[in-house]
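Subject: Handing over a structure, with notes

Dear colleague,

Please find the structure below, and keep it open while you read the notes that follow. I have tried to word them carefully for a first reading.

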Amino acid sequence: MNWKTSLRAGDVGAEQRLELSCRKCGAVRYLEPAAILARRGGDQLSLGQVEARARCTQRGCKGMMRMMLVRKGEASGFVGGLA
Ligand SMILES: [Zn+2]
């Protein structure tokens, strides 16, 4: 998944959003790029690094999250092959 290592939060367009789904329990939450950028050093992290650090927020789960880049307005429109 090259886009995860080549893209940073600042590269995510306004019409896109980051979706995190738990590999363990399947819970889904959305991550605003602005929230990543607000963290110290957040603008230096690739999305792959953000994904690696993300943990499920469900009570007692703390599972690893899978990140997807989706276009706003689509239920599950994976956007791949970004330049
Ligand atoms: Zn979970």
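A residue counts as buried if 20 or more other C-beta atoms lie within 10 Å of its own, as exposed if there are 12 or fewer, and as partly exposed in between. By that rule Met65 is buried, because 23 other C-beta atoms lie within 10 Å of its own. Please bear in mind that this is a predicted model, in which the mean pLDDT of the chain is 88 and 87% of the residues reach 70 or more.

The overall layout

The chain holds 3 helices and 3 strands, and, read from the N terminus on, these elements follow the order α-β-β-α-α-β. Among the elements, helix H1, which covers residues 2–6, has the lowest mean pLDDT, 90, whereas H3 has the highest, 96. Of the 83 residues in the chain, 16% count as buried. If we take the contacts between residues at least 6 apart in sequence, 65% of them join residues at least 24 apart.

The sheet

The 3 strands form an open sheet in the order S2-S1-S3, with antiparallel pairing. Strand S2 (28–31) and strand S3 (65–71) are the edge strands, since each of them pairs on one side only, and from one strand to the next the twist averages 30°. Strand S1, made of residues 16–22, is joined to S2 by 4 bridges, while 7 bridges join S1 to S3. You can find one example of each pairing in the model: Glu19 has Tyr30 in S2 as its bridge partner, and Leu18 stands opposite Leu69 in S3. As background, the side chains in a regular strand alternate between the two faces of the sheet.

The hairpin of S1 and S2 has 5 residues between the strands, and there Gly26 takes a positive phi near 85°. A positive phi is also found at Lys62, a residue other than glycine, where the value is near 55°. Lys62 sits in the loop between H3 and S3, and Lys62 is exposed because 12 other C-beta atoms lie within 10 Å.

The nonpolar core

Which residues make up the largest nonpolar core? This core has 11 residues in all, namely Ala9, Val12, Leu18, Leu20, Cys22, Ile36, Leu47, Val50, Cys56, Met65 and Leu69. Two or more of its residues come from each of S1, helix H3 (47–53) and S3, and S1 gives the largest share, with 3 residues. In general, nonpolar side chains in soluble globular proteins tend to be buried together.

Ala9, a member of this core, is a good place to begin tracing contacts. Leaving out residues up to four places away in sequence, Ala9 touches Pro33, Ile36, Leu37, Gly42, Asp43, Leu47 and Val50.

Two residues to compare

Met65, the buried residue from the start of these notes, lies in strand S3 and belongs to the core described above. Apart from its neighbours within four places in sequence, Met65 is in contact with Leu20, Ser21, Cys22 and Arg23, and also with Glu51, Ala54, Arg55 and Cys56. Met65 and Gly26 are 39 residues apart in sequence, yet their C-alpha atoms are 8.8 Å apart in space.

Is Arg29, by contrast, buried or partly exposed? Arg29 is found in strand S2, and it is partly exposed because 14 other C-beta atoms lie within 10 Å. When residues up to four places away in sequence are not counted, Arg29 touches Leu20 and Thr57. Leu20 is therefore a useful residue to select in the viewer, because it is in contact with Arg29 and with the buried Met65. Arg29 and Met65 are 36 residues apart along the chain, and 9.6 Å separates their C-alpha atoms.

With best wishes for your reading of the model

Definitions and conventions. Residues numbered from 1 in each chain as written. Predicted model: local features only at pLDDT ≥ 70, side-chain atom pairs only at ≥ 80, totals over all residues. Pairing = 2+ DSSP bridges. Axes fitted to C-alpha atoms, helices over the stretch in contact; angles between N-to-C directions. Core = buried A, V, L, I, M, F, W, Y, C linked by C-beta atoms within 7 Å. Contact = placed C-beta atoms within 7 Å. pLDDT = per-residue confidence, 0-100.
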